[in-house]
Every structure is written in structure tokens, then in C-alpha cells.
Amino acid sequence: MTEQHWTVTGPQTIEVDEVTTVHAHLVDGRLDVVAHEDPVTRVEVHSVDGRPVEVTFRDGHLVVGHEPNTSGGLAGFLRKWTDFGGNARADIHIAVPARVDTKIGTVRAEALVSGTEGEAKVSTASGSLLVSRTRGPLTLTNVSGDATVRDHEGPITSTTVSGDVVLSGAVEHLTSSTVSGDVTMDLTTQPDWIKTNSVSGDLLVRVPDEAVVEVHASAISGRVTVGGMQVSGRGGAVVRSARPERTHLRVSTVSGDVTVLGTSQHVSDDGPGPAGHPGVHGVRGAGASGAAPGVSWIA
């Protein structure tokens, strides 16, 4: 198929049929990718300041933004443009059929992805990210910008350095990695498993039923609290559920705190509540001589 190419220097609308994937890369400004019911993909460039916006279409693959060559992927785009001191700013709205796969990368620009049902990969260096009412596999990567996911349905993989992340929705599998950014998971259905790694960032997990969460925790100085009971200290611990159905939570943290709550619970400023929550057993302090039933300590 012949390649189609547009160089956009001002407001312009471009419509393309039979798009299967969208890759959009923007240095600064705003980038929206929103699902609609039409079969056509519509690129609306509202403004361009500085470098032009390149639009390329070939074999179902639509590329929009400040990087026409995507051979280096999102990581290559971010490496190339993060230290760019010139002017490359645009305001772009892309309307896509819901099942189109999307890959979004920004340096400082704000980004929105809404309503898509294909695979989505969203990355930023320092811009803010909002993903809303999406379905399918979602990969979220941010360096220092904050990221929010609302009402997502499907698995999530989240990686952040110092930006805070808020994740919500019906998520059966969730993988999270952070250095110093805080991560909040507010899940509307009981997940099968969650895997999380943190250096100093705190993790809050809210699930419908915290009593079925089985926690495998490895912590240096971080505090792990499940359903109001605290397990803290050096080494590792396993907090076992008393029920056959289980959500497996695997936590590795250096100094970040981990809190697991049920939907009806809230975070108290005074710390964990009293021990003895039904279905989960816990102890305070790795040096305790007699761990309560249901808790195993790992040297």
C-alpha cells in the first residue's frame, strides 16, 4: 500500500479509513485519543507552535506527532526529545474506532486516552496522564508526571519513577513498580493477583474483600498493614487468608509502606487499627517470638 504523509503547520483535520493501530508522540501541549462509533479515524490538529506535526499512514498504521520515525519506540522518542530546548507544541485530538490499538508518548504534554478497547500503551516523562473508561491490556509508564486511570477493565502494568499513580477499575491482574512515587489501587472487583515493587514509594490497595488477600511481603523498613493489622520489620512475611478463594499480593519494598483495605475501610491518620480482623492473622515486629497463626516469617 502507498504511504500517505501530511506535514501539518496549523489547524487541520485529516480522516483515514481502515486504521488498526495509532502511534502518537508529542513533546509539549495536549494530546487526546478518544474512541468514537465511526469507522473512520479523525485527526484534528487544533494548533501548532514551532515544529510541525507529521502524520503518516501505511498498512493500517497511523503515526501522528513530532516523531515520524518510530523505529526506536516510545523509549527512543523520550530519549531524543526530553532535553529538547526548542519549541515543539501542539494541541491534537484523535478520534478512533474503539478496538484500535494505541501507543501514546509525551515529554511534557498532557495526554488523555478514553473509551478504547484495544491494547493501550501510554508513556510520559513529565506530563500528566489520564486514562478513562478503557478496556483491554494497559501499560502505563511515567517518570515524574502523575498518572490516573479511571474505570479500567483489564490487566494493568504500571511503572513510575517519582510520579504518583492512581489506578481504579475492574482489574484481574496488576503489576506495579515505583521508585519514590506513591501508588493507589482502588479496585472494584477482587483481582486474581497483584505484584508490586517499591523503593520508598507508598502503596495503598483497596479491594472489595481484604480478608481473602494473601500477602507475600519482603520489606527492609517499610510497614505492611492488611485489614487494619500491621506486619512490619526486616525480612519477609506471608499473611495467609483463611478462605479458599484468594487474591495473591506479592510485595517487595525497601522503605515504602503498604496498606491493604476493604472497600468499606478508610485510611486512618493514627495508623493501623486493632488486630484480630476475621480471616487474616498478623503480628507487630519481625522480632516477635511467637507469630500469630497464619503468619510465616522469612529470614
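How many salt bridges does a search of the whole structure find? I will begin there, with the reminder that what we have in front of us is a predicted model, and the answer is 12 salt bridges across the whole structure.

Before I go through some of them, let me set out the chain itself. The protein chain has 299 residues, of which 48% count as buried, and its secondary structure comes to one helix and 27 strands. If we take the contacts in the chain with a separation of 6 or more, residues 24 or more positions apart account for 52% of them. The chain exposes about 13,100 Å², and carbon and sulfur atoms supply 48% of that area.

Now to the salt bridges, and to the pair of Arg 89 and Asp 28, whose side chains meet at 3.2 Å, N to O. Arg 89 sits in strand β8 while Asp 28 sits in strand β4, residues 28-36, so this salt bridge ties together parts of the chain that are 61 residues apart in sequence. The two partners are covered to different degrees, since Arg 89 is partly exposed at a relative accessible area of 41%, whereas Asp 28, at 19%, counts as buried because the cut-off for that class is under 20%.

A second pair is Glu 117 with Arg 99, where the closest N and O atoms are 3.9 Å apart. Here both residues lie in loops, Glu 117 between β10 (110-114) and β11 (120-124), and Arg 99 between β8 and β9 (101-106), so the pair ties together parts that are 18 residues apart in sequence. Glu 117 is partly exposed, with a relative accessible area of 29%, and Arg 99 counts as exposed, at 66% relative accessibility.

The third pair I would like to show is Asp 257 and Arg 223, whose side chains also form a salt bridge, at 3.9 Å from N to O. This one links distant parts of the chain, 34 residues apart, with Asp 257 in the loop between β25 (247-253) and β26 (258-262) and Arg 223 in strand β22, residues 223-226. Asp 257 counts as partly exposed at 24% relative accessibility, and Arg 223 counts as partly exposed at 29%. Elsewhere, Glu 15, Asp 38 and Arg 42 are joined into one network by salt bridges that share partners.

Let me turn from charges to the nonpolar interior. Which residues touch the most other members of the largest nonpolar core? Of its 56 residues, they are Leu 62, Val 64, Ile 92, Ile 94, Leu 140, Met 185 and Val 215. The largest share of this core, four residues, comes from strand β8, residues 88-97, which is also the strand that holds Arg 89. Leu 62 deserves a separate word: leaving aside its neighbours within four places in sequence, its contacts include Val 16, Val 19, Val 22, Val 43, Val 55 and Phe 57, and also Thr 21, His 23, Thr 41 and Thr 56.

Finally, the surface has a nonpolar patch of about 420 Å², made by Val 143, Val 161, Val 179, Val 199, Ile 220 and Val 254. Taking one member, Val 143 lies in the loop between β13 (138-142) and β14 (147-153), and with a relative accessible area of 38% this valine is partly exposed. I will stop there and take questions.

Technical notes: Residues are numbered from 1 along each chain as its sequence is written. This is a predicted model: local features need pLDDT of at least 70, side-chain atom pairs count only at pLDDT 80 or more; totals for chains, interfaces and linings use all residues. Side-chain values use heavy atoms; hydrogens and water are left out. Patches are made of residues with over 30% relative accessible area and no salt bridge: like charges are joined within 9 Å, nonpolar side chains (Val, Leu, Ile, Met, Phe, Trp, Tyr) within 5 Å. Accessible areas come from the Shrake-Rupley method with a 1.4 Å probe; for residues, only the protein chains shown count as cover. A salt bridge is a side-chain nitrogen of Lys or Arg within 4 Å of a carboxyl oxygen of Asp or Glu. Helices (H or I, at least four residues) and strands (E, at least two) are DSSP runs, numbered from the N terminus. Buried means under 20% relative accessible area, exposed over 50%, partly exposed in between (1.4 Å probe, protein chains only). A nonpolar core is a set of buried Ala, Val, Leu, Ile, Met, Phe, Trp, Tyr and Cys residues joined through side-chain atoms within 4.5 Å. Contact means heavy atoms within 4.5 Å.
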